[in-house]
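Here is a quick briefing to keep beside the viewer while you look around. Open the model first, then work through the topics in any order.

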Amino acid sequence: MKIYDIVFIGSGLSSSVTLYNILSKIRDNSVLNKGVNIAVVEKNDEFWKGIAYGNRASVHSLTINPVKDFFLEEEKPVFFQWLEKIRSGDQGTITAQEKEVLDDWILSYSDKLDQGNVDGVYIPRFLYGVYLAQKLEKIIAECKANNLANVDLISGEVINAVKQDKNQYTVEIKSVEERFFIRTNVLVLSIGGLDINHTNGNSSNHFLNIDDIYYPTLDVTLNKIDVALTLLPQPLRNILIIGSNASASEMVYLLNKRNKVNQDSFNKIVILSNSGLPDRLVVNSDYDHILMHLRDLEEKENYSADALMDAIEKDVKNAIDNQLSAGNILYSLNERFFKIQKKLSDIEALKFFRVHGWSYTRITRRTSESYYIAEAELIKTGKLHFLKGRFVKLCDEQNNNGGLNFTYEASDTVIEKEYSGAFPIIINCTGSEHITNTSTTLIKNLISKQIVKINENGMGLAVDENFAANNNLYIMGPLLAGIYTKNYKFWHLENAKRLNSLASALSDIIFSKIVCPV
Ligand SMILES: Cc1cc2nc3c(=O)[nH]c(=O)nc-3n(C[C@H](O)[C@H](O)[C@H](O)COP(=O)(O)OP(=O)(O)OC[C@H]3O[C@@H](n4cnc5c(N)ncnc54)[C@H](O)[C@@H]3O)c2cc1C
C-alpha cells in the first residue's frame, strides 16, 4: 500500500488553495531534506476547480458575489494580472466555447478592466477555475522538476478512512474499475458542502423532476430541460422551481438566455420560496434608513441574541414590504449588524451564533447583478412569478394537467393551498441536507466510527484551533460551518474569500507539521 505524507480528499477551491500554499512554502523554504509525497483524490473527472468553477457549472455561470467580496485583497492583483495575460492572447487551456464567453464578458467590462475599476464586477466562474488549475499545474510541475514534491492525482471516490497506529489513516477509494487503499500521515477532508436536500417530489405524474441541477453537470440538466420543453405544447411549458437559493437564480439566468434566442422556449417559471421575492445584491448601496429596528436596539444599553434576531427579521420584513429584497439591503444590514453584535455579552454572542446565525444567512441570501437583471426581464414579460410559501408535496392526482399542492404562509397562518397550473418540469433548489441526516457515505462512516464529530452548532464538523477533527485529520471547506474557536467564528462557510483565507491558514499548519512531525 502506498504511503503518502499528505492526502487531500476532493479537489475544489479548498484543497487547491491549501495545496498551492503548501507547495509554495516547500518551494520557497529549503528546510526539507526529502521530497514530499502528496495525493489528491477526486471523484469527478476534473481536478482543481470543484463544483462551482469547473465543468459541473455552466460556462455562462457568474460569481454570486462581486470582485470585492470574492477575492482576498492580496489575491485580486494576482488574478487580474493573470487575466491581462489572457487578454493579450496567452490563452493556455481555455476552450473555444470558454473563449467565446470570455470575449463577450471582456467586451462588456473592457472600460472597468482597463481602469482597474473592478470591485463591483462579477466574473465568469469558469475563469476562476482555469486560473486555479493553471496555478496548480505550474507549481506541481516546478516542485516535481526540483524533486521537492510529487503530487499523484487519483480518480475515484473516497468511501472510508480508518485511523491506524501512529495517527496514520488508511483511505479506501472506489474507482470505476476497483476498490483500493492508500495510507497517509496527514489527511485533509475537503469534499465541499453537504449533499442537496432531496425533495419529496418524485411523483410519477411529473414529466421531468430535477433533484440536483449540477448532477452530472448543469449543461446536461439544461439539455434535459430543453428536450422536455420541446416535447410539450407551448401553454404547458411551465417550470416550477422550489426554493430561491443561488442555484435558482443561476437556473433562471440560464433559462433567460435561452428565452432570448427563442421566446417560446418556455411559457412561465414559478419560484416558490419563503420570501417570495427575487434577491439582488446592490454594491455600495445605502439602505440604512430601512433598518429602524436595529437602530432602536443600538440605542439600548444591552440586549439579547433573541432581540437582535427579532430586530433583523423586522427590518428585513420592512424591506420586503417596501419591495426590497434582503439582497438589496445586505451591505447596510451587515454593516449595522457587525457593529451591534459586538455589544452582545459572550453568552448572548454564543447564543446568536448557535441559534440564529444560520437564519441570518438564510434571510440575507443574494444573487449577482446579471442574474437579477435576467429575473427582472422575465418578470416584465410575465414569464417569471415569485410565490411566497413553503413547499409541501406534489399532487398524487394530476389536476389541470399536473397541478401541485404547497403550504402557503399568510399572516402567520399556515394554510395548505393548491396552485392551479400545469408544472410538468420541477426543479429542486432548496439547498443542502442537514449533517445529522447526511447521505454521504464517507461522512456517515467517519461519524459512525467517531473519527469526526458533528459540531455543537449542528451545521458542520467539530475542529480545534488548527482545523483538526482528529490527530492529523484536517477539515477545510463548507463543512467547517459552525466553527467556533478563538480565531474563527463562522456559522456559514461557503464564500470563496473566506475559504481562501482559512485554506491559507491551514497550509501554514500542515507545512509546520511536515517540517517538524510530532
Ligand atoms: C454551484 C456553486 C456556485 C458557487 N458560487 C460561488 C460564488 O460565486 N462565490 C463564492 O464566494 N462562493 C461560491 N460558491 C461556494 C463554494 O462553496 C466555494 O466558493 C468553494 O467552491 C467551495 O470549494 P470546496 O473545495 O470546499 O468544495 P467543492 O467545490 O464542492 O469541491 C469539493 C470536491 O470534492 C469532491 N469530492 C466530494 N466528495 C468526495 C469523495 N468522497 N471522494 C473524492 N472526491 C470527493 C467533489 O467532487 C468536488 O470536486 C458556490 C458553490 C456552488 C456549489
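What follows is a short tour of the fold, the ligand shell, one run of strands and a few individual residues.

Keep in mind that this is a predicted model. The protein chain is built from 15 helices and 18 strands. Its radius of gyration is 24 Å, close to the 24 Å that the globule rule gives for 518 residues, so the chain is as compact as a globular protein of that length.

**Overall build**

- If you want a feel for the dimensions, the C-alpha trace spans about 70 × 60 × 50 Å along its principal axes.
- Of the 518 residues in the protein chain, 41% count as buried.
- Take the contacts between residues at least 6 apart in sequence: 70% of them join residues at least 24 apart.

**Around the ligand**

- The ligand is surrounded by 34 residues, and the closest are Gly10, Gly12, Gly50, Gly192 and Gly477.
- Which elements give two or more residues to this shell? They are α1 (13-28), β2 (36-42), α2 (50-53), β4 (157-163) and α15 (496-515).
- By residue type, the shell splits into 15 nonpolar, 14 polar and five charged.
- Domain 1 (3-50 + 133-194 + 435-515) and domain 2 (62-123) each supply at least three residues to the shell.

**Gly477, one of the closest residues to the ligand**

- Gly477 sits in the loop between β16 (473-475) and β17 (483-484).
- Is Gly477 buried or exposed? Gly477 has 25 other C-beta atoms within 10 Å, and the cut-off for buried is 20 or more, so Gly477 counts as buried.
- Leaving out residues up to four places away in sequence, Gly477 touches Ser14, Ser190, Ile191, Gly192 and Leu499. Gly192 is also among the closest residues to the ligand.
- Ala503 is 26 residues from Gly477 in sequence, and their C-alpha atoms are 8.1 Å apart in space.

**The β4, β5 and β6 strands**

- β4 pairs with strand β5 (residues 169-174) in the antiparallel sense, over six bridges.
- Across that pairing, Asn160 stands opposite Glu172 in β5, and Val162 has Thr170 in β5 as its bridge partner.
- The hairpin of β4 and β5 has five residues between the strands, and in it Lys166 takes a positive phi near 60 degrees.
- On its way onward, β5 is joined by six bridges to strand β6 (residues 179-189), and these two run antiparallel.
- β5 and β6 also form a hairpin, with four residues between them. Lys174 stands opposite Arg179 in β6.
- In a regular strand the side chains alternate between the two faces of the sheet.
- You can see this along β5: Tyr169, Val171 and Ile173 point to one face and are buried, while Thr170, Glu172 and Lys174 point to the other face and are not buried.

**Asn150 in strand β3**

- Asn150 belongs to strand β3 (residues 149-155).
- With 15 other C-beta atoms within 10 Å, Asn150 is partly exposed. That count falls between the cut-offs of 12 or fewer for exposed and 20 or more for buried.
- Setting aside neighbours within four places in sequence, Asn150 is in contact with Gly35, Asn37, Ile38 and Lys144.
- Ala39 is 111 residues from Asn150 along the chain, yet their C-alpha atoms are separated by 8.2 Å.

**Backbone oddities worth a click**

- Most residues other than glycine have a negative phi, and most peptide bonds are trans. The next few go the other way.
- Gln450 is not a glycine, but has a positive phi of about 60 degrees. Look for Gln450 in the loop between α14 (441-448) and β15 (468-470).
- Phe467 is not a glycine either, and has a positive phi of about 65 degrees. Phe467 is also found in the loop between α14 and β15.
- How do the surroundings of these two compare? Gln450 is exposed, with 9 other C-beta atoms within 10 Å, whereas Phe467 counts as buried, with 24 C-beta neighbours inside 10 Å.
- Where is the cis peptide bond that joins Tyr215 to a proline? The partner is Pro216, with omega about -10 degrees, and Pro216 lies in the loop between β7 (208-210) and α7 (218-231).

Terms used: Residues numbered from 1 in each chain as written. Predicted model: local features only at pLDDT ≥ 70, side-chain atom pairs only at ≥ 80, totals over all residues. Rg over C-alpha atoms; globule rule 2.2 N^0.38 Å. Contact = placed C-beta atoms within 7 Å. Near = placed C-beta within 6 Å. Nonpolar A, V, L, I, M, F, W, Y, C, P; charged D, E, K, R; others polar. Domains from an automatic or database assignment. Pairing = 2+ DSSP bridges.
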